[in-house]
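These are my notebook entries from reading through one model. I began with the ligand site and then followed the chain outward.

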Amino acid sequence: MTQEVISTTKLIDFEGVSKTYQLGNQKVQALKGIDLTINSGDFMAIAGPSGSGKSTLLNLLALIDTPTNGQITYNDIDISTLSDNQKTMYRNKEIGIVFQNYNLIPVLDALENVAFALQVQGIPNHVCLSRAEKILKEVGLGTHLHHRPANLSGGQKQRVAIARALVTNPSVVIADEPTAALDSKTGMEILDLMKELNYTKHTTFIFSTHDNRIINSVQHVVQIEDGLLINQY
Ligand SMILES: Nc1ncnc2c1ncn2[C@@H]1O[C@H](COP(=O)(O)OP(=O)(O)OP(=O)(O)O)[C@@H](O)[C@H]1O
């Protein structure tokens, strides 16, 4: 059983963050003035009904999208002051992203998929491969290094995706419904794996979920509804 990390240092701050999408000649207000602080080492879920704004919030947290209004700071850096290139560099270095449908490259095996996240940073190939192998062993896939995604189960693919997100040693991992495509037993195993990595590596984990079992076993929950933060505990 892993213990929880007590988080204290402020990592991410949202101040009055709104996001409005333009849909034809209609405006969709997906987020309406979100104030949120996330501490380093946190293990938290963003919960809310379909269409409440969870993915929009995760895309802003992952620096994939920019807010319409408000300020986002990471380690006291105001993200709006960064150029697109600086933002990409910051994201590659500090943020690991886990997608619901894994987003693995089908023609690459598990080792190559994970190593790829380092190769794009220009790190020498032998270093990429040895770091990828180490993290795959840590997520329990030491015997599946040379399996391609088609030859892995859903839970194993998600482990590869988590290894790929962690291999760059980011300060935060952001995951959009990381257990949604998995049966409930495998989903809980993935949750336990993320908890263990949060504890051993002190990586901050932020994920969206609909799953009550997950909501009941995280450190913090942020509930959003209709683009508003309605509760956090
Ligand atoms: N690119 C877009 N263009 C226009 N409207 C969008 C876009 N993306 C999201 N929306 C709208 O913004 C609102 C919030 O969507 P979002 O995907 O963030 O919700 P969600 O809570 O993640 O939903 P789900 O749980 O179903 O994935 C919804 O009304 C959605 O239709």
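For sorting residues by class, I count Ala, Val, Leu, Ile, Met, Phe, Trp, Tyr, Cys and Pro as nonpolar, Asp, Glu, Lys and Arg as charged, and the others, Gly among them, as polar. On that basis, the shell around the ligand holds five nonpolar, seven polar and two charged residues. I note that this is a predicted model, in which local features need pLDDT of at least 70 and side-chain atom pairs count only at pLDDT 80 or more, while totals for chains, interfaces and linings use all residues. Residues are numbered from 1 along each chain as its sequence is written, and side-chain values use heavy atoms, with hydrogens and water left out.

**Entry 1: the ligand**

I take a residue as near the ligand if one of its heavy atoms lies within 4 Å of it. Of the 14 residues around the ligand, those that come nearest are Ser50, Gly51, Lys54, Ser55 and Thr56. I then looked up polar contacts, meaning pairs of N or O atoms within 3.5 Å, where within protein one atom must be able to donate a hydrogen and the other to accept it, and residues adjacent in sequence count only if both atoms are side-chain atoms. Glycine 51 places a backbone N or O atom 2.8 Å from an oxygen atom of the ligand, and a polar backbone atom of glycine 53 is 3.0 Å from a ligand oxygen. Serine 55 uses its side chain instead, with an N or O atom 2.8 Å from an oxygen atom of the ligand. The ligand taken alone exposes 640 Å², of which the protein buries 62%, with accessible areas from the Shrake-Rupley method and a 1.4 Å probe, only the protein chains shown counting as cover for residues.

Which element gives the most to the shell around the ligand? Helix 1 does, with three residues; I use DSSP runs numbered from the N terminus, helices being H or I of at least four residues and strands E of at least two. Strand 1 (10-23), strand 2 (26-39) and helix 1 (54-61) each supply at least two residues of that shell.

**Entry 2: helix 1 and lysine 54**

I call a residue buried under 20% relative accessible area, exposed over 50% and partly exposed in between (1.4 Å probe, protein chains only). Six of the eight residues of helix 1 are buried, namely Lys54, Thr56, Leu57, Leu58, Leu60 and Leu61. Is lysine 54 buried or exposed? Lysine 54 counts as buried because its relative accessibility is 6%. Its side chain reaches the backbone oxygen of glycine 48 at 2.8 Å. Leaving aside neighbours within four places in sequence, the contacts of lysine 54 (heavy atoms within 4.5 Å) include Ile46, Glu177, Ser208 and Ile224. The C-alpha atoms of lysine 54 and isoleucine 224 are separated by 7.3 Å, although the two residues are 170 apart along the chain. After helix 1 comes leucine 63, with a positive phi near 60°.

**Entry 3: aspartate 84**

Aspartate 84 lies in helix 2 (residues 84-94), and I list aspartate 84 as exposed because its relative accessibility is 62%.

**Entry 4: helix 6**

At the start of helix 6, a side-chain oxygen of aspartate 183 comes within 3.1 Å of the backbone nitrogen of lysine 185. The buried residues of helix 6 include Ile190, Leu191, Met194 and Leu197, and what covers its buried residues includes strand 3 (43-47) and helix 5 (154-166). Histidine 202 follows helix 6 and has a positive phi near 60°.
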